[in-house]
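The following report describes a single protein chain, moving from one residue to the helix contacts and then to the chain as a whole. Please read it alongside the sequence and the structure.

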Amino acid sequence: MTSLKDTLENSMQELRTLRDEIRVRLNLAGKEARDRWEQLEPKLEQLEQQIRTATDATVESIRDAIERARTSFHEYRAQLTQGSAGGVTGSGSGDEPDFSSVEPQKR
């Protein structure tokens with residue numbers, strides 16, 4: 001399971017890099033963009049905690065959660081780039097995926 005945890009950690013490192021890029025862009029963004037980021041950013045810590053306590057039964061669910069986070073972070077970064085003068089464009093509708101509870105998938 002060590003190599004699997006390494007793979008998960010590498011994925012988390014990518015998310016941390018995205019997080020850092022987004023933080024830099026937020027300095028130029030408006031309040032709406034910062035408010036939305038305050039909702040997204042805690043999800044990274046939740047995933048990190050889940051990786052620390054991962055078991056064979058939860059690994060696949062954690063991978064899925066990481067992929068949803070990666071997609072959300074990439075979309076948010078793109079929105080910041082497109083709307084950097086006026087804040088975030090697009091969704092902002094609260095449709096971000098919920099990463100707070102990763103349950104083992106039933107097989």
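## Leucine 80

Leucine 80 counts as buried, because its relative accessibility is 2%, and a residue is called buried when that value is under 20%. The model in which this value was computed is a predicted one. Leucine 80 belongs to helix α4, and its C-alpha atom is separated by 7.8 Å from that of isoleucine 22, although the two residues are 58 apart along the chain.

## Overall make-up of the chain

The chain contains four helices and zero strands, so that the pattern read along the sequence is α-α-α-α. Of its 107 residues, 38% count as buried, and the chain exposes about 6300 Å², of which carbon and sulfur atoms supply 47%.

When contacts between residues at least 6 apart in sequence are taken together, 79% of them join residues at least 24 apart. The helix pairs described below show which residues meet in three of the packing arrangements.

## Helix α4 against α3

Helix α3, which covers residues 42-52, packs against helix α4, which covers residues 59-82, at an angle of about 160 degrees and with the two axes 11 Å apart. This angle makes α3 roughly antiparallel to α4, because angles over 145 degrees are placed in that class. The crossing of the two helices, α3 and α4, is left-handed.

On the α3 side, the residues in this contact are Leu44, Leu47, Gln50 and Ile51, and they meet Ile62, Ala65, Ile66, Ala69 and Phe73 in α4. Sorted by class, the contact of α3 with α4 comprises eight nonpolar residues, one polar residue and no charged residues.

## Helix α4 against α2

Helix α2, residues 31-40, also packs with α4, here at an angle of about 170 degrees and with the axes 12 Å apart. The helices α2 and α4 are therefore roughly antiparallel to each other.

In this contact Ala33, Arg34, Arg36, Trp37 and Leu40 of α2 meet Ser72, Phe73, Tyr76, Gln79 and Leu80 of α4. The residues of the contact of α2 with α4 divide into six nonpolar, two polar and two charged. Leu80, the buried residue with which this report began, is thus one of the α4 residues that α2 meets, and Phe73 is listed both here and among the α4 residues that meet α3.

## Helix α2 against α3

The packing of α2 with α3 has an angle of about 15 degrees, with the axes 4 Å apart. That angle makes α2 roughly parallel to α3, since angles under 35 degrees count as roughly parallel.

The residues Trp37, Glu38, Gln39 and Leu40 in α2 meet Pro42, Lys43 and Leu44 in α3. By class, the contact of α2 with α3 has four nonpolar residues, one polar residue and two charged residues.

## Glutamate 41, between α2 and α3

Glutamate 41 is located in the loop between α2 and α3. With a relative accessible area of 22%, glutamate 41 is partly exposed, because the partly exposed class begins where the buried class, under 20%, ends.

Leaving aside neighbours within four places in sequence, glutamate 41 is in contact with Arg19 and Arg23. Measured against the sequence, glutamate 41 and alanine 69 are 28 residues apart, while their C-alpha atoms lie 9.7 Å apart in space. Alanine 69 appears above as Ala69, one of the α4 residues that meet α3.

How values were computed. Residues numbered from 1 in each chain as written. Predicted model: local features only at pLDDT ≥ 70, side-chain atom pairs only at ≥ 80, totals over all residues. Heavy atoms only, no water. Buried < 20%, exposed > 50% of the residue type's maximum accessible area, 1.4 Å probe, protein only. Contact = heavy atoms within 4.5 Å. Areas by Shrake-Rupley, 256 points an atom, 1.4 Å probe, with all protein chains shown as cover. Axes fitted to C-alpha atoms, helices over the stretch in contact; angles between N-to-C directions. Parallel < 35°, antiparallel > 145°, perpendicular 65-115°, else oblique. Left-handed = near helix turned anticlockwise from the far one by under 90°. Nonpolar A, V, L, I, M, F, W, Y, C, P; charged D, E, K, R; others polar.
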